[in-house]
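Trainee: I would like to learn how to read a few local features from a set of coordinates. Please take them one at a time.

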Amino acid sequence: ILSALLSSPCSLPNPEDALLVKAPMDAVENAVTPAAPSTVANGTSSAIIVEEFEDLASLVRDDEASVSITVVGASGDLAKKKIFPALFALYYEGCLPKHFSIFGYARSKMTDAELRDMVSKTLTCRIDKRENCSEKMEEFLKRCFYHSGQYDSEEDFKELGKKIKQHEGPRVSNHLFYLSIPPNIFLDVVKCASKSASSVSGWTRVIVEKPFGRDSESSAALTKGLKQYLTEDQIFRIDHYLGKELVENLSVLRFSNLVFEPLWSRQYIRNVQLIFSEDFGTEGRGGYFDSYGIIRDIMQNHLLQILALFAMETPISLEAEDIRNEKVKVLRSMKPLRLEDVVIGQYKSHTKGGITYPGYTEDKTVPKGSLTPTFAAAALFINNARWDGVPFLMKAGKALHTKQAEIRVQFRHVPGNLYKGSFGTDLDRATNELVIRVQPDEGIYLKINNKIPGLGMRLDRSNLNLHYAARYPKEIPDAYERLLLDAIEGERRLFIRSDELDAAWELFTPLLKELEQKRMAPELYPYGSRGPVGAHYLAAKYNVRWGDLGGSEH
């Protein structure tokens, strides 16, 4: 084979052709021992051809690529509580490649054994209770290694690169870096990793955690900085809410069910509500939150992403770029946010059941007199033919009465409803509503009007209920599992593109600047309450009632 290559004036076959070679590998390995360099007909040194052929032979020897996953900021809470457990869950389910290694990188001094001990405390067998779970844990932990270094040191990353190479061997290598670090050191890490620890034979990808800047300017600067060292295809901006099972199900629900798609417009939908609430405050960790606030932390990313997925037109395919193109169109069609369509709040101290819950500014990590909102409600509008005039109401807050995230679609009243007398004057009670509960207790239910059995004509609102725990007893994967697997496989559908990020910031930046320049004081609400009264006035302004005020519904 080799002599034929050397005697031929043709160029060397491409790697795909090389993989078709069927000769026994020992024959190939013997054949590629170079003799004295000679020159073939086209003037190319035979030594160069032999060297290239050796590379191809190594591909033939082992065409299974390896994946090395480096968690930068491995000693932080996110890495311990979410990333390592998600990687173990993927390993347990057999979703990771055959050849993989996981590296923790941080400034803390730690041995491999200490990293494994730290990680082992957060791993669970929640997916399955089979007996081999502990064995799987041991196998997984053996694949975990640690390297200590500075985030801005190319030398330290070069040493990391050497350690990664030792574990990869001769295989094609792919490198995934997860940046579980503060945004102010993103660029230092990306610069060092791309120059000193990127793959030379496979792909290199970087997962970037939010926040992606504080406004349009800082976001654009971050994107520009990242693109000095990476292409857009290498950057995976993660919003873990896009990995939630019920968010992923949005497009399935709409585009594969004839009963919903014809109704998905201003003609039938009266309003859409995107609600996010937490039943706890900052609890001594307000330092980070105070510099961002609830609008940047939840609305500009999580809720706006869900809105774009909900409202987009049918993409031409399920390919990542086609879906992201439609999301960008929605964001660019949105009317500018007005201050009069926004309510902000901040939780204050409240005593309940003999327990006193501290207010936001009583948190020692929060500056005294801070005006940072811990609650916000807003009315947004999409200026296109499908959604013109339909209010999209967002509400997000901390220290509220419940912990949940849901999408509520309230349909219009039935024209000339024959049964409106049975509901009295409250027509809202006769309105159909589709509720998609993202968390907790995932489910989808549709509120319909129904006759109560009996001799009289009494109507009731009933739920057609898809309760996920009852219908699907299998554990629902964590959002980080789905997104990590997508990043490894190069699936970008659930990650945010740079122009999508630009459009999101263009919508919220003018509002944020106005709030800060005018030093708008947030309306105070008691810890554990339903939030500021102003949110109800905002909804009433558009003839809407918040759908989450009726307590438990199923």
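Mentor: We will go through helix packing, salt bridges, burial and backbone geometry.
This is a predicted model, in which local features need pLDDT of at least 70, side-chain atom pairs count only at pLDDT 80 or more, and totals for chains, interfaces and linings use all residues. Residues are numbered from 1 along each chain as its sequence is written, and side-chain values use heavy atoms, with hydrogens and water left out.

Trainee: At what angle do helix α8 and helix α9 pack, and how far apart are their axes?

Mentor: Two packed helices are described by the angle between their axes and the distance between the axes. Helices (H or I, at least four residues) and strands (E, at least two) are DSSP runs, numbered from the N terminus. Axes are lines fitted to C-alpha atoms, for helices over the stretch in contact, and angles run from 0 to 180 degrees between N-to-C directions. Here α8 (residues 154–168) and α9 (residues 186–196) pack at about 45 degrees, with axes 8 Å apart. The two are therefore oblique to each other; angles under 35 degrees count as roughly parallel, over 145 as roughly antiparallel, 65 to 115 as roughly perpendicular and the rest as oblique.

Trainee: Which residues make the contact?

Mentor: Contact means heavy atoms within 4.5 Å. On α8 the contact is made by Glu-154, Phe-157, Lys-158 and Gly-161, and on α9 by Val-189, Lys-191, Cys-192, Ala-193, Lys-195 and Ser-196.

Trainee: How many salt bridges does the structure hold?

Mentor: A salt bridge is a side-chain nitrogen of Lys or Arg within 4 Å of a carboxyl oxygen of Asp or Glu. The structure holds 29. One of them joins Glu-217 to Lys-513, the closest N and O atoms being 3.2 Å apart. Glu-217 is in helix α10 (residues 216–226) and Lys-513 in helix α17 (residues 498–517), so this pair ties together parts 296 residues apart in sequence.

Trainee: Are Glu-217 and Lys-513 buried or exposed?

Mentor: Buried means under 20% relative accessible area, exposed over 50%, partly exposed in between (1.4 Å probe, protein chains only). Glu-217 is partly exposed at 46%, and Lys-513 is partly exposed at 32%.

Trainee: What parts does the pair Asp-341 and Lys-541 tie together?

Mentor: Their side chains meet in a salt bridge of 3.0 Å, N to O. Asp-341 lies in the loop between α14 and β8 (342–348) and Lys-541 in helix α18 (residues 534–541), so the linked parts are 200 residues apart in sequence. Asp-341 is buried at 3%, whereas Lys-541 is partly exposed at 44%.

Trainee: How far apart in sequence are Lys-329 and Glu-326?

Mentor: Both lie in helix α14 (residues 320–332), 3 residues apart, about one turn of the helix. Their salt bridge has its closest N and O atoms 3.3 Å apart, and Glu-326 is buried at 10%.
Arg-324 is also placed in α14 and is buried at 4%. Neighbours within four places in sequence aside, its contacts include Arg-492, Phe-495 and Glu-500.

Trainee: Where is the backbone worth a look?

Mentor: Take the peptide bonds and the phi angles. The bond from Lys-210 to Pro-211 is cis, with omega near 5 degrees, and so is the bond from Gln-439 to Pro-440, with omega near -20 degrees. Pro-440 lies in the loop between β14 (433–439) and β15 (443–451). Asp-441, found in that loop between β14 and β15, has a positive phi of about 55 degrees although it is not a glycine.
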